Amino acid sequence: MSDIKVVKGNPRDAQATALLRASHALMQALFSEEDNHFLSIDELCVPSVKFFIAKEGATSLGCVALANKGAYAEIKSMFVHPDARGKGVAHKLMQALEAEAQAQGIAEVKLETGDTLHQAHGLYRAHGYQNCGPFGDYEDSPASLFMTKTLSPVA
């Protein structure tokens with residue numbers, strides 16, 4: 001069995017940028033411009049955002065970001081390369097970002113995802129996320145699904 005590790009990464013790393021561009025292209029193909037809420041590579045490089053890469057050896061398989069919004073954190077840029085799907089990469093990324101949120105003392109994690117991304121919905125539900133209403137600057141949209149989870153405090 002392969003050894004997949006999740007590490008803090010740099011969105012400007014060539015492999016990370018390739019993953020992000022693939023994710024952005026997919027979202028642009030699936031959703032209208034007003035229903036796309038992904039962060040640019042520059043927006044992922046600010047201090048309030050922690051970016052993670054799932055790696056197998058030297059190969060980056062997936063990524064996710066955790067944006068600290070003060071009262072809560074938001075999951076951004078969750079993407080696993082199609083060739084790496086089914087290996088548990090997304091679950092490992094979720095574990096890493098929730099551990100980071102807890103380390104920052106964040107009690108609630110929220111996300112917005114597309115209404116047709118059923119595999120993503122299943123992933124988030126498997127990790128205990130539940131549907132909620134729009135938050136932050138988001139507006140209600142039939143193309144969006146909003147979810148939230150309250151994290152257990154670190155003992």
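I began with lysine 8, which I looked up in this predicted model and found to be exposed, because its relative accessible area of 53% is over the 50% cut-off. Its side chain meets that of glutamate 100 in a salt bridge, with 3.2 Å from N to O. I noted where the two partners sit: glutamate 100 belongs to helix H2 (residues 89-103) and lysine 8 to strand E1, so that the pair links distant parts of the chain, 92 residues apart. Is glutamate 100 buried or exposed? I entered glutamate 100 as buried, because a relative accessible area of 11% is under 20%.

**Other salt bridges**

I then searched the whole structure for salt bridges and found seven. One of them joins aspartate 42 to arginine 12, and the closest N and O atoms of this pair are 2.8 Å apart. Aspartate 42 lies in the loop between helix H1 (14-30) and E2, while arginine 12 lies in the loop between E1 and H1, so the pair ties together parts that are 30 residues apart in sequence. Arginine 12 counts as exposed, at 51% relative accessibility.

I also looked up glutamate 74 and lysine 76, whose side chains meet in a salt bridge at 3.5 Å, N to O. Glutamate 74 counts as buried at 3% relative accessibility, and lysine 76 counts as buried as well, at 8%.

**The sheet**

Next I traced the strands, and I recorded seven of them in an open sheet with mixed pairing, in the order E1-E2-E3-E4-E5-E7-E6. Which strands are at the edges? They are strand E1 (4-8) and strand E6 (130-132), each of which pairs on one side only. From one strand to the next, the twist averages 30 degrees.

I followed the pairing from E1, which runs antiparallel to strand E2 (residues 49-56) over five bridges; here isoleucine 4 has glutamate 56 in E2 as its bridge partner. E2 in turn is joined by eight bridges to strand E3 (residues 59-68), again in the antiparallel sense, and I found phenylalanine 52 opposite valine 64 in E3. E2 and E3 form a hairpin with two residues between them, and in its turn I noted that glycine 57 has a positive phi of about 65 degrees.

Further along the sheet, strand E5 (residues 108-114) and strand E7 (residues 144-150) pair in the antiparallel sense over seven bridges. I saw that glutamate 112 stands opposite phenylalanine 146 in E7.

**Aromatic rings**

I turned last to the rings, where I counted five aromatic pairs. One of them is formed by tyrosine 124 and tyrosine 129, an edge-to-face pair with 6.1 Å centre to centre and 65 degrees between the planes; both of these tyrosines are buried. Why is the pair of phenylalanine 135 and tyrosine 138 edge-to-face? Their centres are 5.0 Å apart and their planes stand at 70 degrees, which is over the 60 degrees needed, so I entered the pair as edge-to-face. Phenylalanine 135 is buried with a relative accessible area of 6%, and tyrosine 138 counts as buried at 14%.

I also noted that Phe135 and Tyr138 belong to one aromatic cluster with Tyr72 and Phe146. In my final entry, I recorded that the charged end of lysine 110 sits over the ring of tyrosine 72, 5.7 Å from the ring centre.

Conventions
Residues are numbered from 1 along each chain as its sequence is written. This is a predicted model: local features need pLDDT of at least 70, side-chain atom pairs count only at pLDDT 80 or more; totals for chains, interfaces and linings use all residues. Side-chain values use heavy atoms; hydrogens and water are left out. Rings of Phe, Tyr and Trp (its six-membered ring) pair if their centres lie within 6.5 Å; planes under 30 degrees apart count as stacked, over 60 as edge-to-face and the rest as tilted. Buried means under 20% relative accessible area, exposed over 50%, partly exposed in between (1.4 Å probe, protein chains only). A charge sits over a ring if NZ of Lys or CZ of Arg is within 6 Å of the ring centre and within 35 degrees of the ring normal. Two strands pair if DSSP finds at least two bridges between them. Helices (H or I, at least four residues) and strands (E, at least two) are DSSP runs, numbered from the N terminus. Axes are lines fitted to C-alpha atoms, for helices over the stretch in contact, and angles run from 0 to 180 degrees between N-to-C directions. A salt bridge is a side-chain nitrogen of Lys or Arg within 4 Å of a carboxyl oxygen of Asp or Glu.
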